[in-house]
Structure formats: C-alpha cells, structure tokens
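Take a moment to look over the model before reading on. Turn it slowly and follow one chain from its start.

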Protein chains: 2
Amino acid sequence: MKRAVVLLSGGLDSATCLALARSSGFEPECLLVRYGQRHQVELERARAVARSMGVGAVREVTVDLRTIGGSALTADVPVPKDRPESERARGIPVTYVPARNTLLLALALGLAEVVGARDIFIGVNAVDYSGYPDCRPEFIQAFEALATLATRAGVEGERFRIHAPLSGLSKAEIIRTGVRLGVDYALTHSCYDPAPDGGACGRCDSCLIRRLGFQAAGVPDPTRYAAR
Amino acid sequence: MKRAVVLLSGGLDSATCLALARSSGFEPECLLVRYGQRHQVELERARAVARSMGVGAVREVTVDLRTIGGSALTADVPVPKDRPESERARGIPVTYVPARNTLLLALALGLAEVVGARDIFIGVNAVDYSGYPDCRPEFIQAFEALATLATRAGVEGERFRIHAPLSGLSKAEIIRTGVRLGVDYALTHSCYDPAPDGGACGRCDSCLIRRLGFQAAGVPDPTRYAAR
C-alpha cells in the first residue's frame, strides 16, 4: 500500500477525504494541526474519526496562528451568525484564516517527505464553501507545482500529488459519498463557534452549509446542536 | 513607508536581508519562527539584530517541527562536521529541514495579509549555500505565484512580491553588503550545533561557509567560537 498524508480537521469534509484516500488504496498518515482555532473541539473529533476508520496514530503539530490573528477563528472577532445564502455567496468572510491552507499543506509536505509519501489529501471544496481563496483548484495546482520545487524528493526527480477529491462536489454529494463509504458523521464537527460542551451553534456559516447539505442529501443530520 | 514582512533567523543572511529591506525604503515587520531548531540561540540573536537596526517589536510564531523531524536540525540526528568543500558541494545534507521555507513563507504570507503588507523578504541564498532545494530562485518564483492565488488580497487583484535580494550573491558579497549598511555581524549566529554557552562549533557546514565568507570578504570574523 502506498502511503499518503491526509490532513484531518474533525470536519465533515476531511472525514470524507480520509475515507476516499483509504478506498483509493492509500495507507493514511493523518496530520492534525492545532493552530489556535477557536473550535478546538474539532481536534478530538478528528481523533475519533481516525479511530473509527482504523487509523491508529494521528500526528499533531501545534502552530499558534493567534500570534498572527486576522480571522474570526484565530482572533477575538465575532463569528457571523444567521447569514442568508445571498450574503454568504458574496465575498470572503471574516472566518477566512490568512494563508491557512498554504501552511497546512506546507506541514503536510514536510511530513510526506519524512515518511516517504508522495501523495497528500486535503478536503477542500469549492462548491458549497465559504469562498476561501485557498480552497480553489488553481491554488491546489499551484501548490502541487511548488511542492516539487520545494523538496529533496523533487530535486531527485520525484513528484508530489495534492489530491483534493471533494473539490468539485456539492455538500450533498460529499455526504452521500461518505455515507456510502461508512463515514460516521455523528463523530464530525463543523461549527466555528461551539458551546462549551461542544454542541454546534447551528447559526454560523459552517453550521448552515452543513445542515443544508444533510437536507439536500436526504440523510438524517446527526449533529448535536447546543441548547439555545 | 511601505510595510514589508521580513523573515528573521538570527543568521548572517537574514540580518543583511533586513538591512536591505530598510535601505530599500520598507518599514519592516519582522517575523521569527521558533520551529524546534536545535540552535535556538539564534532566536535571541535575531531579536538583538532587530533591536540594533531600530526595529522595536518582533513577531514570534512557534511551530513544533520536531513532531515531523527528518532533519539534523529538528531530530536527534548528528550535525555533520568538518566536511570538505568537495563533499559540501554534493547533494542535500541532513541539515535540510523538509518544507521549512514553504512553511516560513506561509507564515510570512499570513502575517503580510493581516498587516497589509504586499512584500516579503527572505534571506535565501543560492551561491554559497547548502544545496537546500527551497533556497533556489525557481522555488521563490513558484511561491510568489502561489501567494497571489492563496489570499484574499490576491482575489481582490493585488499581488505579493517575495524578495530574495541575496539570491545571486556569494557569502563574501553578502558580508560586504552588510558591512556597507552597518550590520553588526557580531550579533548574528550561524552555527547549527552551538555549545551550551551559545559559542559556534566552527565545524558544521554553516560555520565553515560563514568563516570562508569573512575570509573572502577581507572582513574580520567577529564570530565567538566555543572553546574546544
């Protein structure tokens, strides 16, 4: 089996991405990044997701992006709530974390080189998403080109491949794919602003996109929402 | 004055790079990355360098690359000593840290976006260097292309510029440039394997390249070497 580094966040997308990496025949080396996100509960959910798919060890790297800030996820900026779709479709929201996916992929690339993997999976999606620039296919392609130039393996004639298998799927299609592959979405966490007990707010963009996804997929929504 | 993020390491190159950024009219926002390097003494030297050039605050981000390892700088692998130039010119040594410059530039990019800078300075050099792939001009160019795709600013039509002003200079030329700009090289630290008191070993690749650079530049070497 070929090894692949899989970026895991605890969310619905990365869980599906991990299931797809496995079903494509890769042996996953999961990487979790504690970057100072306000929804740190996602980290333990990510471990639960990995365990549920038989992945033993998960590698965790800590990097404190709160030193840089500039996002509602890494600074004391409120997470927007109850935004209608017309508003969500416009522009890049304050939950965008500057250069986050560049950073996550850089860490994944370093790990890939160390463990001898040439494949990296990232669960970015560019259909039902928040308009983050670093989720777009052109960004992923540019990183793939960079990866080969950046590394010892690249100098030695090898190539890295960045897999973004969810890129062109709607949230409903992602959910149907995961259900088919046996993903337990009750373990996943999407909310940007969870209650202290880990319950989802149900009102941030991430919760809204997730809820609509389950509705559109015709799959019961297993999300545990916080009591209001 | 235009702001620029300057990656600082405490070494000779990044000190010169900071001096060049200032002399080009930029207001530097210095970024220091504590990545688990064995030569952590470089971090306090970096602060001393910044202070000596009148830069008040230095932003420090911690990311633990020891979790990933794979390098003599971030794992328990010995730093090679006393390698002759013929050997140093061959291949990529074990002091290469997988994807380090991709990571450093990702952090610099995030900070640049937050502080409104569109210029990033990095002191990579591709003449008297250790053959690290992520010091080459083609890597820097690829990162520049990526930066625009990765960010909100890029989506909004702005461009980032990655400045690597030392790229084509020999170590002697770098030192002469720095001397002309008033860099106090006694504050800088290059050694990969310093003694507990911070003294340079004088035998690792980085020490050898530095020592030869001062010789070739005809500049007295202010390095404090450890007692053997």
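The paragraphs below go from the confidence of the model to its strands, then to single residues, and last to the meeting of the two chains.

This is a predicted model. How confident is the predictor in chain A? The mean pLDDT of chain A is 95. Of its residues, 100% reach 70 or more. For the complex, the predictor gives an ipTM of 0.95 and a pTM of 0.96. Keep one general caution in mind: where pLDDT is low, predicted coordinates should not be read in detail.

Start with strand β1 of chain A, residues 2–8. Is this strand enclosed or open? Five of the seven residues of β1(A) are buried, so the strand is largely enclosed by the rest of the structure. A residue counts as buried here if 20 or more other C-beta atoms lie within 10 Å of its own.

Which strands pair with β1(A)? One of them is β2(A), residues 26–34. The two strands pair in the parallel sense, over seven bridges. Find L7(A) in the model. Its bridge partner in β2(A) is L31(A). Now find V5(A). Its bridge partner in β2(A) is E29(A). How does the chain get from β1(A) to β2(A)? The path runs through helix α1(A), residues 12–23. This β-α-β crossover is right-handed.

β1(A) also pairs with strand β4(A), residues 119–121. This pairing is parallel too, and has three bridges. V5(A) appears here again: its bridge partner in β4(A) is I120(A). So V5(A) has a partner in β2(A), E29(A), and a partner in β4(A), I120(A).

Move on to β2(A). Seven of its nine residues are buried, so β2(A) is largely enclosed by the rest of the structure. β2(A) also pairs with β3(A) in the parallel sense, over five bridges. L31(A) stands opposite R59(A) in β3(A). Remember that L31(A) is also the bridge partner of L7(A). From β2(A) the chain crosses through helix α2(A), residues 41–52, to reach β3(A). This β-α-β crossover is right-handed.

Next come single residues in a loop. L73(A) is in the loop between β3 and α3 of chain A. Is L73(A) buried or exposed? L73(A) is buried, because 23 other C-beta atoms lie within 10 Å. What does it touch, leaving out residues up to four places away in sequence? L73(A) touches Q37(A), R38(A), T95(A), V97(A) and Y192(A). For a sense of distance, take A147(A), which is 74 residues from L73(A) along the chain. The C-alpha atoms of the two are separated by 27 Å.

D82(A) is found in the loop between β3 and α3 of chain A. D82(A) is exposed, with 12 other C-beta atoms within 10 Å. Its backbone deserves a look. Most residues other than glycine have a negative phi. D82(A) has a positive phi of about 55°, although it is not a glycine. Now look at chain B. D82(B) has a positive phi of about 55° and is not a glycine. D82(B) is found in the loop between β3 and α3 of chain B. With 12 C-beta neighbours inside 10 Å, D82(B) counts as exposed.

Now bring the two chains together. How is chain A related to chain B? A turn of 180° and a shift of 0.0 Å along the axis lay chain A on chain B, with an RMSD of 0.0 Å. That is the relation of a two-fold axis. In chain A, the C-alpha nearest the axis belongs to V63(A), at 2.1 Å.

How many residues meet? 39 residues of chain A are in contact with 39 residues of chain B. On the chain A side, the elements that give two or more residues are β3, α4, α5 and α6. The largest share, 10 residues, comes from α4(A). By kind, the residues on this side divide into 23 nonpolar, nine polar and seven charged. Do the copies use the same or different surfaces? Of the interface residues of chain A, 100% are also interface residues in chain B, so the copies meet through the same surface.

Notes. Residues numbered from 1 in each chain as written. Chains lettered and ligands numbered in written order. Predicted model: local features only at pLDDT ≥ 70, side-chain atom pairs only at ≥ 80, totals over all residues. Contact = placed C-beta atoms within 7 Å. Helix = DSSP H or I, 4+ residues; strand = E, 2+ residues; numbered from the N terminus. Nonpolar A, V, L, I, M, F, W, Y, C, P; charged D, E, K, R; others polar. Pairing = 2+ DSSP bridges. Right-handed = clockwise from strand over helix to strand, strands pointing away. Least-squares fit on C-alpha atoms with pLDDT ≥ 70 in both. pLDDT = per-residue confidence, 0-100.
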